[in-house]
Amino acid sequence: MTMVITIGFLIPIPQIDILEESARNLFLHVPMWFTMMVAFSMAFYYSIRYLNNEEMDWDRKAETATAIGLLFGICGLLTGSLWARFTWGTWWTFAEPRMNLSALAMMIFVAYFVLRSAFNDPVKRAKISAVYNIFGVTTIPFLLYIIPRQLPSLHPGAEGNPAFSEITAPELRYIFYPAIIGFIGLSIWLMDITNRYKRIKDLNEQRL
Amino acid sequence: MTNRIIQEPADTTVDTLTNSYSDSWQALEGIEQSSAFIQMMASNDLIFVVLGVSLIIWFILLFFIIKVDRNISEIEKSLEEKHS
């Protein structure tokens, strides 16, 4: 990760009008969304596992994965907003479908935590939030991939996969792919730490 | 500062964005009237935007780690109370 950040600032990149040096944001902004997708798919998987086999362990893992996904999603949204200010000229625009729909997706997952906090009974909470999470994650591909591609947009990748298309210069890819792997690794590590402390917390409470 | 958004007529069928928004999307136009912060960010080929983006990510992750740290100290305290 450190290498990625350092080299990401250092290598010369092809100059593109409008973007100029901010094209380096590709190494930071785009992996956020990749990581978010991975975290939400993990949450989806854990929620299904929970409904299949009702152990609190799966619920804990699903909650953590959703939290991490939300964290990276908010990172992606804020960095996208900052980037947009200097390339599109505005912090936020309601004409850009991808921006608004990703904000909507974040709201869905904020609602997941609101829903969780509404129950006192852990079993009930785990069940209902698992069902909600399965529905929530299913909307993500629609909100982030399908609808934005049907609408005119300034965001790159409106007509295909932005990350793997030919627009991305080969020099950028040497850093871009390790950056994705690095951020996903970081998110999995954070999830692991969070899961461990939650487990210790539960064990501690049981012994009281 | 001559760069501005040039919206190519999109390959897609309808291009409603150009007509309604190209006036307000001239990113660096009128930068002289904006605040000192915006002007600083727009200098040096927008490299400060990259810095800003990395700082946002860093602080959000730091916030999360600090939160985990606090929770761990709470558990630690309650464990110590039990053992004493």
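**Group meeting: a walk through chain A**

Hi everyone! Chain A has 6 helices and 0 strands. Please keep in mind that this is a predicted model. If you read along the sequence, the pattern is α-α-α-α-α-α.

Let's start with the chain as a whole. How many of the residues of chain A count as buried? Of 208 residues, 39% do. Now look at the contacts in chain A with a separation of 6 or more: 74% of them are between residues that are 24 or more positions apart.

Next, let's go inside. The largest nonpolar core holds 46 residues, and the members that touch the most others are Ala39(A), Ala43(A) and Val53(B). Which helices supply at least two residues each? On chain A they are H2 (26-52), H3 (56-87), H4 (97-117), H5 (122-150) and H6 (170-206), and chain B joins in with its H3 (47-83). The largest share comes from H2(A), with 14 residues.

Let's zoom in on Ala39(A). Leaving out residues up to four places away in sequence, what does Ala39(A) touch? You can find Ala65(A), Ile68(A), Gly69(A), Phe72(A) and Ser187(A) around this residue.

Last stop: H4(A), one of the helices supplying that core. H4(A) has 21 residues, and from first C-alpha to last it reaches 31 Å, close to the 30 Å expected at 1.5 Å a residue. Which residues in H4(A) are buried? Go along the helix and you will meet Pro97(A), Arg98(A), Met99(A), Leu101(A) and Ser102(A), followed by Ala105(A), Phe109(A) and Tyr112(A).

That's my tour. Thanks for listening!

How values were computed:
Residues numbered from 1 in each chain as written. Chains lettered and ligands numbered in written order. Predicted model: local features only at pLDDT ≥ 70, side-chain atom pairs only at ≥ 80, totals over all residues. Helix = DSSP H or I, 4+ residues; strand = E, 2+ residues; numbered from the N terminus. Buried ≥ 20, exposed ≤ 12 C-beta atoms within 10 Å, placed from the backbone. Contact = placed C-beta atoms within 7 Å. Core = buried A, V, L, I, M, F, W, Y, C linked by C-beta atoms within 7 Å. Expected span 1.5 Å × (residues − 1).
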